[in-house]
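Trainee: Could we go through this protein together? I would like to learn how the terms are justified.

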Amino acid sequence: MMSASLPTPSLHTARLRLRAFEDADANDLFALQSSAHILRYWDSPPWTERSRAEKFITACRQMEQEGTGARLAVDRVSDGAFIGWCTLNSWNPDFRSASLGYCYNDAAWGQGYATEAARALLGWAFDTLDLNRVQAEADTRNVASARVLEKLGFVREGTLREDCVVNGDVSDSWVYGLLRREWQPSSEPIPTH
């Protein structure tokens with residue numbers, strides 16, 4: 001494991017600002033992570049206690065100090081609203097690999113924000129961390145998430161059968177991989193709407 005810290009970047013896109021989590025994000029974060037609708041394909045149950053938000057933010061800082069990844073709050077530039085977060089974690093400098101994840105408010109779905117934010121994060125990751133591979137997983141029922149990954153150039157590599165059990169609900173996950181040589185930072189124009 002790396003012992004050096006990995007400063008959380010500040011990234012900007014046409015419509016979004018990706019930044020380190022702050023204590024003030026706890027309420028917005030709890031609202032997001034406590035929604036059963038938003039988390040219906042998540043790999044753990046919705047939060048029921050607000051203290052989980054503080055623990056999450058503390059874990060973000062710990063991740064930064066340990067140099068194992070970066071978890072970024074995502075704000076919409078037009079109104080400054082917190083719309084969700086994305087993360088690059090499980091960074092392995094020996095294998096030059098990491099995992100991508102994200103979670104967004106349902107009000108922000110279907111507008112290309114997840115793709116736009118992930119493209120910025122992946123650009124930083126491939127440039128800064130010298131990655132060779134990024135992996136992502138999505139519940140096989142989560143068509144929207146699969147579409148985001150495919151837009152970014154990820155290739156579906158297989159299915160993890162019954163790999164998640166949340167509140168007794170058993171589900172499969174698709175595994176996606178994106179290799180450095182396949183990465184195209186601007187493979188599609190940034191939406192202007």
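Mentor: Over residues 16–181 the chain is 30% helix and 37% strand, and the C-alpha atoms at the two ends are 26 Å apart. Helices (H or I, at least four residues) and strands (E, at least two) are DSSP runs, numbered from the N terminus. This is a predicted model, where local features need pLDDT of at least 70 and side-chain atom pairs pLDDT 80 or more, while totals for chains, interfaces and linings use all residues. Residues are numbered from 1 along each chain, and side-chain values use heavy atoms, without hydrogens and water.

Trainee: What makes the largest nonpolar core a core?

Mentor: A nonpolar core is a set of buried Ala, Val, Leu, Ile, Met, Phe, Trp, Tyr and Cys residues joined through side-chain atoms within 4.5 Å. Buried means under 20% relative accessible area (1.4 Å probe, protein chains only). The largest such set has 40 residues, and L18, L88 and W124 are among those with the most contacts inside it, so the name fits by that definition. Helix 3 (113–128) is one of the elements that each supply at least two residues, and helix 3 gives the largest share, 10 residues.

Trainee: Which residues show that L88 is in contact beyond its neighbours within four places in sequence?

Mentor: Contact means heavy atoms within 4.5 Å. The partners of L88 include L100, L121, W124 and L131.

Trainee: Why is residues 16–181 called a domain?

Mentor: That label, "domain: N-acetyltransferase", comes from an unreviewed UniProt entry. Such annotations may be inferred rather than shown by experiment.

How values were computed:
Buried < 20%, exposed > 50% of the residue type's maximum accessible area, 1.4 Å probe, protein only.
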